[in-house]
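Here is a short tour for a reader meeting this structure for the first time. Begin with one residue, then work outward to the helices and the core.

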Amino acid sequence: MAEPTDAPPAPRHRPGRTLTSRAVLVTCAVALVSVLVTAIVAVPLAVRGVERRDQEALAAQARLAAAVLRPRLETGRTADEERIVRQLNSQGVDAYLVRGGVAERPGLPPRVVRRVAEGRNVSTRRPLDGRRTLIEGRALPGGNGVVLIRSRPTAPWRQVVPSLWLPLLAGLAAGVAAGLLLARRLARPIRRAADAAARLRAGDRAVRVPVEPPDEVADLAYALNGLAAALATSEGRQREFLLSVSHELRTPLTAIRGYAEALADGVIGPADAPDAGRTVLAEAQRLDRLVSDLLALARLEAADFPLEPVPVDLARLAADAGRTWADRCAKVGVPFRAEVADAPVPVHTDPGRIRQVVDGLLENALRVVPPGAPIVLAVRAAGADPLAGGVVEVRDGGPGLTDDDLAVAFERGALHQRYRGVRKVGSGLGLALAAGLVRRLGGDVAAGHAPEGGAAFTVRLPPDPYRIRTSL
């Protein structure tokens with residue numbers, strides 16, 4: 001498990017800054033706005049409903065009074081009339097009797113008296129003596145009639161609001177409850193993801209987040225689970241790589257130490273000293289190459305990695321490399337063949353770095369190829385157009401690679417780990433370093449099967465932009 005890295009402490013949650021508190025505040029604000037809008041719409045409707053109810057109630061009283069007083073209005077004022085008028089007055093209703101088209105007492109608008117006298121009923125709302133009033137008049141035969149007047153309240157909303165505050169308060173409480181539920185539902189997967197991220201930071205690679213709806217939360221869970229799996233895989237490969245590198249470092253160091261102790265103890269005489277020196281020098285050079293590869297890999301991703309791309313004739317570079325490697329291969333009985341085009345293959349690259357790539361691929365091939373099996377260095381244009389860039393290919397007749405090997409060929413130490421003890425292997429860094437250099441140079445590299453029976457590594461490099469411009 002990886003050591004946890006130093007990280008700033010988690011910030012303390014402050015009131016009003018958490019998702020829960022903000023969701024509650026938002027839902028409360030929405031509920032409050034909804035309540036206010038509902039009140040703005042509902043109060044006028046309720047006021048009109050109250051007025052309509054009062055009007056209907058007054059109309060019913062007017063019909064009843066007219067039915068009761070109809071036979072009495074044709075005679076003089078009676079005690080029954082006085083009793084009915086007093087009862088109506090006790091209910092907040094002013095009663096006016098019309099006989100022969102004339103109101104018994106003043107206070108009625110002439111227009112109302114005239115309409116009743118003409119035999120027409122009256123149902124209206126109008127100001128009377130500075131008061132808002134409801135008027136209901138019922139016409140009777142002979143120009144008689146009954147008119148009832150009730151004052152409307154100056155602030156009818158006061159009758160409505162007391163009956164509305166409880167539903168409005170219930171709506172606001174429901175908004176608060178909904179906000180709490182929503183906030184908890186939203187915050188729970190985020191807290192779970194934050195806890196998982198903290199455990200990942202602490203080095204726990206076995207942590208997994210349950211995948212649950214909605215889709216956004218599921219995507220977050222998938223991402224965190226994928227990150228945990230990728231970290232576990234990467235750290236596993238890193239451990240294997242470090243074990244491999246430590247083994248590679250220990251081998252030359254053991255040889256150097258053994259010869260140094262033998263020389264110090266006088267076990268090796270003067271006659272054997274040159275051979276011992278050559279062995280120590282070879283192991284030191286091997287150690288130097290390994291350390292150089294490690295440093296190059298460490299610097300490869302840095303922004304200041306030195307690269308000097310210039311126009312290069314890839315055919316000439318391959319011919320120079322072929323002369324050097326032909327001699328090396330001949331010494332160990334390996335046929336070397338260079339397939340280089342007669343025409344120039346212009347590319348835009350760093351000649352030193354691309355030669356490093358070619359040497360690394362040939363070194364890797366020479367290590368595994370048995371005597372008698374060929375190594376081929378081929379160079380060609382990337383397409384029919386000679387200005388399309390160039391391709392360098394290193395093929396061999398060695399044991400080759402499986403399809404599974406091809407998928408991890410350029411990962412640090414992957415092939416070294418698979419074939420250590422099975423065939424000759426290097427440090428496990430050469431192919432990774434070659435792939436990194438090619439990508440930094442703007443090209444790409446691929447591994448495959450060679451027609452010679454072994455492995456084939458193909459490097460594609462970009463064209464020379466100056467030649468392209470001058471050819472247009």
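Start at Thr349. Setting aside neighbours within four places in sequence, Thr349 touches Glu308, Pro309, Val310, Val312, Ile354, Leu441 and Leu461. Thr349 sits in strand β8, which covers residues 346–349. Is Thr349 buried or exposed? Its relative accessibility is 0%, so Thr349 counts as buried.

Keep in mind that this is a predicted model.

**The chain as a whole**

The chain holds 12 helices and 12 strands. It has 472 residues, and 37% of them are buried. Take the contacts between residues at least 6 apart in sequence: 66% of these join residues at least 24 apart.

**The cores**

The largest nonpolar core contains 44 residues. Which residues have the most contacts inside it? They are Val357, Leu361, Leu362, Ile375, Leu377 and Val459. Several elements each supply at least two residues of this core. Among the helices that do so are α7 (314–331), α8 (351–368), α10 (414–419) and α11 (430–440). Strands β9 (375–381), β10 (390–396) and β12 (455–461) do so too. Another core lies apart from this one. That other core has 15 residues, including Ala62, Leu88, Leu97 and Leu140.

Leu377 gives a view from inside the largest core. Again leave out neighbours within four places in sequence. Leu377 is then in contact with Ala318, Ala321, Gly322, Phe336, Arg337 and Ala338, among others. Its contacts also include Glu339, Val358, Leu362, Val392, Glu393 and Val394.

**Two helix pairs**

Helix α8 packs against α7 and also against α11. The table sets the two pairs side by side.

| Pair | Axis separation | Angle | Crossing |
|---|---|---|---|
| α7 and α8 | within 11 Å | roughly 30° | right-handed |
| α8 and α11 | 9 Å | about 150° | left-handed |

How do the directions compare? An angle of roughly 30° separates α7 from α8. Angles under 35 degrees count as roughly parallel, and α7 and α8 are therefore roughly parallel to each other. For α8 and α11 the angle is about 150°. That makes α8 roughly antiparallel to α11.

Which residues of α7 meet α8? They are Leu317, Asp320, Ala321, Thr324, Trp325, Arg328 and Cys329. From α8 come Pro351, Ile354, Arg355, Val358, Asp359, Leu362, Glu363 and Leu366. By class, this contact has nine nonpolar, one polar and five charged residues.

The contact of α8 with α11 draws on another set. Arg353, Gln356, Val357, Leu361 and Asn364 in α8 meet Leu431, Leu433, Ala434, Leu437 and Val438 in α11. Here the classes are seven nonpolar, two polar and one charged residues.

Such lists have a rhythm. An α-helix has 3.6 residues a turn, so residues three or four places apart point the same way.

**Helix α11 and its end**

Helix α11 is mostly covered. How many of its 11 residues are buried? Eight are. The buried residues are Leu431, Ala432, Leu433, Ala434, Ala435, Gly436, Leu437 and Val438. Just after α11 comes Gly442, with a positive phi of about 85°.

**A residue with some exposure**

For contrast with Thr349, look at Ala282. Ala282 belongs to helix α6, residues 273–300. At 40% relative accessibility, Ala282 counts as partly exposed. Ile256 is 26 residues away from Ala282 along the chain. The C-alpha atoms of Ala282 and Ile256 are separated by 9.5 Å.

Terms used: Residues numbered from 1 in each chain as written. Predicted model: local features only at pLDDT ≥ 70, side-chain atom pairs only at ≥ 80, totals over all residues. Heavy atoms only, no water. Core = buried A, V, L, I, M, F, W, Y, C linked by side-chain atoms within 4.5 Å. Buried < 20%, exposed > 50% of the residue type's maximum accessible area, 1.4 Å probe, protein only. Helix = DSSP H or I, 4+ residues; strand = E, 2+ residues; numbered from the N terminus. Contact = heavy atoms within 4.5 Å. Axes fitted to C-alpha atoms, helices over the stretch in contact; angles between N-to-C directions. Parallel < 35°, antiparallel > 145°, perpendicular 65-115°, else oblique. Left-handed = near helix turned anticlockwise from the far one by under 90°. Nonpolar A, V, L, I, M, F, W, Y, C, P; charged D, E, K, R; others polar.
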